[in-house]
Amino acid sequence: MARPSQPLTKVQSARLAQGFQLFQKGDTATALEVSRKLAKEVPGAVDVQHLVALCQARLGNHSKAEKAFKRALKISQRDPHLHGNFASLLRAMGRHDESLRHYRKSVELDPNLLQSWVHLGMVAMESGRTAQALAALERAVEIQPDSSYAWHVLGNSRRASGDLEGAEIALRRTVELAPDNSRAWVNLGIVIRHLGRPLEAQTCFEAARKAGFTGPELIDAESGVLIDLGEIEEAHNLVGELINAYPRYSPGHVTRAHLLWQYGPSVAPNDEPVGLLEEAATAQPDNGALQLAYVGFLLELRGAENVEKGLVKIRELRADQDFPLLGALEANALELLDRSDEAGRLYEKSYQSFGRKDPSFLNAYTRHLLKAGKWDVAALKAEEATRLDPVNQEAWAYLGTAWRLLDDPREYWLMDYDKLVALVEVAPPDGYEGMSEFLAALTGAVEPLHKASREPIEQSLRGGSQTAGRLFGHPDPVIGAAQQVLTRAIEKHIASLPLDDTHPYLGRKARSVRMTGSWSVKLWSAGKHVNHIHSDGWMSSAFYVSLPGSVAGSQDGNGQAGWIKFGQPPDELALELPPRRTLCPAEGRIALFPSYMWHGTVPFEDVEPRITVAFDMLPTT
């Protein structure tokens, strides 16, 4: 039980005030000396212990700071600032659950304390509690609508949650309130670029420069805009300037590697992306972020040689400074190399360290268990991941696969391939005589956007190209018209779906959708999509814009070339399960399905490409 705070004499109160002034001016060592002397005289004074805690925290003495905070809280539990500052210390110590409890107590004691609401939102976001984070940050801007800081944090959090439209609103409010906030201009530009408006993003980046921003993030973002605009050579040159100016900025090296992978033959045929990334990592052995980026790139590339290189590098890093993430990465590498027994031991060890709180790790562990034939344990781990993150699409995909392998009828409840997969007819926009005329115009609009000579590394595409950036938002009116008619068709389809509050797909049904990502894919002869899911969506799609003769001809019973298939897990799981359902594509129609459902395509042989427009969606009213 808290006891009354020990009173101070007038002289002691003056010394305490002096200590706080010194602390605010940055003279922390002297402030600590003052507060410690006072603490010996009046150990039961809450404000004295509070100042000791603040000084120790700023000096990095976390253990001593925690003890001082706890002494203060024994004296008084009613100070919202005390709870807020203790929460900040706990956050710095990585103890997010405890930090959240004290931030909640802080705003309970003072519902108008802006800083605690903002920090509550930030910690909730860091710990994966997205809904809680956004609610706290929206409360912050409600309390103080003129706080550019609160709007900025809200904008960044909405962006991290995938709500780009909401992020744009918040970040625009930020720069209205603080036009000299160069970081906010950069973040706004990045959001607008991802919304598919690269020219408008450039104006934001120019505003950031005028406001004094000089960091590498701005140059990196500008190179992305150039890629979206199809100015690949200019983007390549700018990335080179970025790396020369900021050689320790690891995202710059990653941007160059991905650019060279997709567009290298046209801009730098003699530059090899893996070799350049390896060279940079070798030259900077103390750059941990770059080492991890190099490893990540190798594992994304797959192939035994690349993964072996990655495994060697991971073990070098672990020998130097080990931490749980490296153990999980080593397990992933071993799994890719089919060294399942070794991977299993590492997964189990990593699970004990942090697996119970990390859905991404649980998904990787579940993949291993499925491949290893431990289907019942895989189901348990997948269920655990869905409890931690009920909208985690990958976890639901693995859970459905485990249920299928276990002959559990819940697979059909979750997937229901007949009801949840649909091929929907789309009406052409006004102004076109028919769908054929519109599709010809749409083909003409998207084909020039296909600049890449190969597919992105991290995507399901094999043997084709994908447009850069976000397609919907592009200024071409034909693309805008496509978005409108597709949205109408999707809303009609959603209305036909039943509502089931217990179902991870049907339970999220709403009137309409917000598109979280959109792109066009151009598959070449022998091209395909490997079986995959979409982790950022609720509903996903494929709108058939142009089909080659071999695919169109398959509608007459001549095989399934170019068809889309559902329910077949990826090859790397080695489960040898057939698809549960296949659909024959048709020009002018859109395939709609849950984002967690495995899907891929059958390869085709033809001189003409197979062109689609695809996008992921989240439900919205």
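**Close-up 1. Lys 64 and the positive patch around it.** Lys 64 lies in helix 4, helices being DSSP runs of H or I with at least four residues, numbered from the N terminus like the strands (E, at least two). This is a predicted model, where local features need pLDDT of at least 70, side-chain atom pairs count only at pLDDT 80 or more, and totals for chains, interfaces and linings use all residues. Residues are numbered from 1 along each chain as its sequence is written, and side-chain values use heavy atoms, with hydrogens and water left out. Lys 64 gathers with Arg 36, Lys 40, Lys 67 and Arg 71 in a patch of positive charge on the surface. Patch members have over 30% relative accessible area (Shrake-Rupley, 1.4 Å probe) and no salt bridge, with like charges joined within 9 Å. A salt bridge here puts a Lys or Arg side-chain nitrogen within 4 Å of an Asp or Glu carboxyl oxygen. Charges are placed at NZ of Lys and CZ of Arg.

**Close-up 2. Where the patch comes from.** Helix 2 (28-41) and helix 4 (62-75) each chip in at least two residues. Helix 4 gives the largest share, three residues.

**Close-up 3. The three-stranded open sheet.** Its order is 6-5-8, paired antiparallel; strands count as paired if DSSP finds at least two bridges between them. Strand 6 (581-583) and strand 8 (599-601) sit at the edges with a single partner strand each, so one side of each has no neighbour in the sheet. Twist averages 25° from one strand to the next, using axes fitted to C-alpha atoms and angles from 0 to 180 degrees between N-to-C directions. Strand 5 (residues 564-566) joins strand 6 through three bridges, and Ile 564 has Leu 583 as its bridge partner.

**Close-up 4. The six-stranded open sheet.** Here the order reads 1-7-4-9-3-2, with antiparallel pairing. Strand 1 (422-425) and strand 2 (461-466) are the edge strands, each pairing on one side only. The twist averages 35° from one strand to the next.

**Close-up 5. Strand 3 against strand 9.** Strand 3 (residues 512-529) and strand 9 (residues 610-620) pair antiparallel over eleven bridges. Look for Lys 522 standing opposite Ile 611 in strand 9.

Notes. Patches are made of residues with over 30% relative accessible area and no salt bridge: like charges are joined within 9 Å, nonpolar side chains (Val, Leu, Ile, Met, Phe, Trp, Tyr) within 5 Å. Lys and Arg count as positive and Asp and Glu as negative; His and the chain ends are not counted.
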